[in-house]
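The following questions concern the secondary-structure packing of a predicted model. Each answer sets out its reasoning before giving the result.

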Amino acid sequence: MTTTPPGSDRPATGRPPAARRPAARRPGTGRPAAGGRPLPAAHGSLARGVTAPVPGTAFALALTGGMTLGPGDGRELLFGRNRPEVHICVGEDDPQVSRCQGRLTHRHGRWWVANNGRLPLRFPSRLLFTGEEPLPLETGYTPLFVRGSRGREHLLEVFVSGPETERPVALPGDVTRPPRVWVLTDEEKLALVVLGQRYLLHEPRPQPLTWRQTASQLAELRPAEGWSEKRVEHLVNRVRTTLSRDGVPWLTREEVGEPVGNALNDHLIRALMMSTTLVPPDLALIDAA
């Protein structure tokens, strides 16, 4: 007799899945986790912080509820669409989400995320595909997303408690901390606005202009200033080096790897926009030139 392994997306033969389900279930949860504790759907966002007596405790919460589990090598939490076979149910009504989409596993003193599903898991800064090495979770809050049918995105919130995890304190009266803004010369700013104008115009999938395109437009805007590809490249690379030395990641060839393509300029423009060093109103520089 053939049965379907837990989490598989292949059709099952033999006994119906209901025959393999444990007799008792906690409301809003799937399979029990040894040493774990259910989190109700009404728990509230983990982004607000959590408290745990043991550092390294993992909290995982989806729309319908979740689970918390203390550290210990080999301990794991499964998440996916098949409620009876996972600890946290994600995208229960969305057939594009895998039955067992992924797992959180504790080993070597850390929690790791692995993708077992057909769709990638989206972290805030990258995608994790099936077959790739698991990614470690840092202490604190991490949102994970699974893109489902009709553009839906299913959220799994994860929080790993630290040595002295406390709920964040509300600071309504504190002065807002400004972002780190880099000081650019007039020529640096103009060159970067032209180079990154597609980003500032909010195009769907923007790419930087080439050195030639940037130099050509600058020469047309300010013909008396001697703009060339080399000059544009020198100015942009100078700004990129400054940001890299200040700790901004993904601005060197060693970090990006070969082939580099447009990656360095793409990361530079995004970093400058995230810091508000470049903002859409700067497009007025092109109109005024």
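The questions below address one helix and its cover, a contact between two helices, and one sheet.

Q: How many of the 10 residues of helix 1 are buried?
A: Helix 1 spans residues 186-195 and is mostly covered. Its buried residues are Glu188, Leu190, Ala191, Leu192, Val193, Val194 and Leu195. The elements that cover these residues include helix 2 (197-200), helix 3 (211-221), helix 4 (229-245), helix 6 (263-274) and helix 7 (284-288). The number of buried residues is 7.

Q: Is helix 3 roughly parallel or roughly perpendicular to helix 4?
A: The axes of helix 3 and helix 4 lie 8 Å apart and form an angle of about 105°. Angles of 65 to 115 degrees count as roughly perpendicular. Therefore helix 3 is, relative to helix 4, roughly perpendicular.

Q: How many residues in the contact of helix 3 with helix 4 are nonpolar?
A: Helix 3 contributes Trp211, Arg212, Thr214, Ala215 and Leu218, which meet Glu229, Val232, Glu233, Val236 and Asn237 of helix 4. Of the residues in this contact, 3 are charged and 2 are polar. The nonpolar residues number 5.

Q: Which residue in strand 5 stands opposite Gly80?
A: The open sheet has 5 strands in the order 5-4-6-7-10, with mixed pairing. Strand 5 (88-89) is an edge strand, as is strand 10 (135-136), and each pairs on one side only. Strand 5 pairs with strand 4 (residues 76-80) in the parallel sense, over 2 bridges. Opposite Gly80, in strand 5, stands Cys89.

Terms used:
Residues are numbered from 1 along each chain as its sequence is written. This is a predicted model: local features need pLDDT of at least 70, side-chain atom pairs count only at pLDDT 80 or more; totals for chains, interfaces and linings use all residues. Side-chain values use heavy atoms; hydrogens and water are left out. Buried means under 20% relative accessible area, exposed over 50%, partly exposed in between (1.4 Å probe, protein chains only). Helices (H or I, at least four residues) and strands (E, at least two) are DSSP runs, numbered from the N terminus. Contact means heavy atoms within 4.5 Å. Two strands pair if DSSP finds at least two bridges between them. Axes are lines fitted to C-alpha atoms, for helices over the stretch in contact, and angles run from 0 to 180 degrees between N-to-C directions. Angles under 35 degrees count as roughly parallel, over 145 as roughly antiparallel, 65 to 115 as roughly perpendicular and the rest as oblique. Ala, Val, Leu, Ile, Met, Phe, Trp, Tyr, Cys and Pro count as nonpolar, Asp, Glu, Lys and Arg as charged, and the others, Gly among them, as polar.
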